[in-house]
Amino acid sequence: MPSFIDRVVLHVAGGDGGHGCTSIHREKYKPLAGPDGGDGGHGGSVILTADPRVTTLLTYHRSPHRTAGSGAPGEGGWRRGADGEDMVLPVPLGTVVKDSDGGVLADLTAAGERVVVAEGGSGGRGNFSLASPKRKAPGFHLLGEPGEARDVTLELKTVADVALVGYPSAGKSSLIAAMSAARPKIADYPFTTLTPNLGVVEAGETRFTMADVPGLIPGASEGKGLGLEFLRHIERCAVVVHVLDCATLEPGRDPLSDFDTIEAELAAYADRLGADEADPALTGLAPLMERPRVVVLNKVDVPEAADLAELVEADLKARGLPTFTVSAVSHAGLSRLAFALAELVQQARAQAPALAEPARPIIRPAAVGRRGGQATATVAVIQHPAEGTVYQVRGDKPERWVRQTDFSNDEAVGYLADRLAAGGVEDELAKAGAHAGDTVLIGDVKGGVIFTWEPAMTTGAELLGARGTDARLEDHHRRTNAERRAQYHDWMDAKEAARQQLRDEAAEGLWTDAADWEDA
Ligand SMILES: Nc1nc2c(ncn2[C@@H]2O[C@H](COP(=O)(O)OP(=O)(O)OP(=O)(O)O)[C@@H](O)[C@H]2O)c(=O)[nH]1
Ligand SMILES: [Mg+2]
């Protein structure tokens with residue numbers, strides 16, 4: 001039995017950014033001619049694109065893990081690492097992309113529409129681009145960031161003009177087969193169709209698509225059978241066609257009550273959708289329950305069925321429903337039906353010019369791009385399972401700075417401290433009541449880094465000793481709290497002095513390092 005493929009959870013990951021490179025240029029007679037380590041390349045992103053040539057999500061059902069290419073590391077000689085390749089995944093028109101909380105990230109209805117579902121990590125800067133007048137030969141580089149990893153759900157809502165609804169074995173697939181070139185499976189047992197079939201019907205000048213919505217049974221709107229999954233397909237159609245089986249011998253069924261049962265399911269489904277129903281402004285479609293209905297009395301090639309059809313036709317017409325008696329087997333009445341449907345589709349299209357709009361630009365669900373994100377940090381006091389009371393720093397940039405830091409390199413750690421100070425994180429910590437010696441966590445409890453806070457001085461580079469050393473890191477003995485407090489006040493004074501120096505230098509135009517505090 002083929003698997004159900006109209007809904008699939010994709011595990012996507014952007015490529016990792018390549019690490020920067022630490023390298024010193026060497027030339028004959030110039031053994032140490034400055035830093036020349038290049039930046040790492042950016043990781044590729046995972047991008048979904050609506051492609052009319054794709055009709056199912058089957059491939060993603062079979063292999064749901066997709067990762068974009070990683071960026072290459074930078075190299076000496078100022079060579080930048082190559083960017084990782086994007087992974088572009090074609091999906092059918094009508095694919096709705098949701099995040100793991102069910103929020104809609106994108107609704108891909110037009111050919112060429114694209115959405116980035118997992119962004120690649122940015123490449124780390126090499127020591128060449130970290131050099132500045134203050135820090136002439138950095139002995140470190142920044143690490144590439146890991147690519148964004150997430151789960152997204154793809155749901156296919158077929159964008160068909162006409163949806164055929166009706167009890168199992170009413171003849172929906174037979175009608176599609178008789179009216180279009182589609183050749184769906186047809187059999188005399190219920191639930192023959194497991195995924196909706198789509199056919200293209202031509203009536204005069206008009207071409208329209210018709211889909212059968214299988215599995216609609218009483219209770220489908222509550223999730224009985226596969227009905228709920230298939231009901232999604234009806235959300236986008238312009239016309240709903242009821243296929244009523246006039247030849248069924250099942251007790252308790254007749255065309256009129258079948259019609260009412262299916263209508264009740266549709267109403268319950270529309271109710272369930274509630275505010276989630278496709279935005280009429282966007283789709284140009286009326287709410288589901290107000291969309292045009294057509295009734296097809298099928299199987300009139302069977303004499304008893306023809307009699308029954310004749311009996312109920314008047315009732316249905318009295319309810320204001322356009323009603324057609326047809327036979328999918330003998331093709332009786334089909335061309336009249338096709339022309340009537342074409343007219344309704346034309347009317348709907350005339351009311352929805354927006355649907356023909358060309359591809360909308362790329363959508364990025366996460367506001368945090370490679371360079372974006374809030375610079376400001378928020379500090380909260382929390383109870384850490386292992387460390388007790390900690391000051392937790394959250395913020396896109398501080399957390400990114402931490403990810404970019406090679407903690408085995410003292411100079412890189414010093415650089416992180418400088419960035420945190422210049423980015424205002426130190427001030428936020430002080431405001432939140434943190435003191436020197438307190439434990440600070442940057443990031444979440446699982447993946448963040450923990451350290452003992454010692455307010456740094458903003459000037460950074462000149463505090464560093466010889467390349468690869470950092471005065472602040474030499475002293476590994478843990479001071480007593482009294483010592484820390486005493487030093488804290490010294491530091492705060494020194495920090496202010498250093499800030500002033502920074503401002504003076506900036507005013508003189510000496511300080512060109514400002515770009516350092518922006519993102520790599
Ligand atoms: N005599 C007669 N039989 C028909 C007609 N249309 C369909 N059938 C038969 O009814 C049975 C069911 O037809 P399908 O087209 O598979 O029905 P369906 O509505 O797609 O059913 P599911 O896919 O199971 O929901 C098949 O045996 C068809 O041959 C018709 O106009 N006349
Ligand atoms: Mg079928």
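This is a tour of one predicted model, stop by stop, with a selection to make at each.

Residues are numbered from 1 along each chain as its sequence is written, and chains are lettered from A and ligands numbered from 1 in the order in which they are written. The model is predicted, and local features need pLDDT of at least 70, side-chain atom pairs count only at pLDDT 80 or more, while totals for chains, interfaces and linings use all residues.

**Whole protein**

Show the cartoon for the whole protein, which has 13 helices and 18 strands. Helices (H or I, at least four residues) and strands (E, at least two) are DSSP runs, numbered from the N terminus. Of the 520 residues, 43% are buried. A residue is buried if 20 or more other C-beta atoms lie within 10 Å of its own, exposed if 12 or fewer, and partly exposed in between, with C-beta atoms placed from the backbone. Among contacts with a separation of 6 or more, 71% are between residues 24 or more positions apart. Two residues are in contact if their C-beta atoms, placed from the backbone, lie within 7 Å.

**Val 97**

Select Val 97, in strand β5 (residues 95-98). Val 97 counts as buried because 21 C-beta neighbours lie inside 10 Å. Leaving aside neighbours within four places in sequence, its contacts include Leu 48, Leu 105, Val 152 and Leu 154. Val 115 is also in contact with Val 97; the two are 18 residues apart in sequence and 8.8 Å apart in space, C-alpha to C-alpha.

**Strands β9 to β13**

Next select strand β12 (residues 239-245). Seven of its seven residues are buried, so β12 is largely enclosed by the rest of the structure. In a regular strand the side chains alternate between the two faces of the sheet. Here Val 239, Val 241, Val 243 and Asp 245 point one way, and Val 240, His 242 and Leu 244 the other way.

Add the partners of β12. Two strands pair if DSSP finds at least two bridges between them. β9 (162-165) pairs with β12 in the parallel sense over four bridges, and Ala 163 stands opposite Val 240. Strand β13 (residues 293-298) pairs with β12, also in the parallel sense, over six bridges. Which residue in β13 is the bridge partner of Asp 245? The partner is Asn 298.

Go back to β9 and add strand β11 (residues 206-212): three bridges join the two, which run parallel. Leu 164 stands opposite Asp 212 in β11. Then add strand β10 (residues 198-203), joined to β11 by six bridges in an antiparallel arrangement, with Val 201 opposite Phe 208. β10 and β11 form a hairpin with two residues between them, and Gly 204 in the turn has a positive phi of about 60°.

**Ligand 1**

Select ligand 1 and its shell, taking a residue as near if its C-beta atom, placed from the backbone, lies within 6 Å. There are 24 residues around the ligand, and the closest are Gly 171, Ser 173, Ser 174, Asp 188 and Thr 193. Helix α3 (residues 172-179) gives the largest share, three residues. By class the shell has ten nonpolar, nine polar and five charged residues. Ala, Val, Leu, Ile, Met, Phe, Trp, Tyr, Cys and Pro count as nonpolar, Asp, Glu, Lys and Arg as charged, and the others, Gly among them, as polar.

**Two residues with positive phi**

Select Ser 169, in the loop between β9 and α3. Its phi is near 70°, a positive value in a residue other than glycine. His 331, in the loop between β14 (323-325) and α8, also has phi near 70°. Which of the two is buried and which exposed? Ser 169 counts as buried, with 21 C-beta neighbours inside 10 Å; His 331 counts as exposed, with 12.

**Helix α8**

Continue from His 331 to helix α8 (residues 334-351). At 1.5 Å a residue (the expected span is 1.5 Å times one less than the number of residues), its 18 residues should span 26 Å, and the end C-alpha atoms are 26 Å apart, which agrees. Buried residues in α8 include Leu 337, Leu 341, Leu 344 and Val 345.

**Strands β15 to β18**

Finish with the open sheet of four strands in the order β15-β16-β17-β18, in which the pairing is mixed. β15 (378-384) and β18 (449-452) stand at the edges with a single partner strand each, so one side of each is left without a neighbour in the sheet. The twist averages 30° from one strand to the next; axes are lines fitted to C-alpha atoms, for helices over the stretch in contact, and angles run from 0 to 180 degrees between N-to-C directions. β15 and strand β16 (residues 388-394) pair in the antiparallel sense over seven bridges, with Val 381 opposite Tyr 391.
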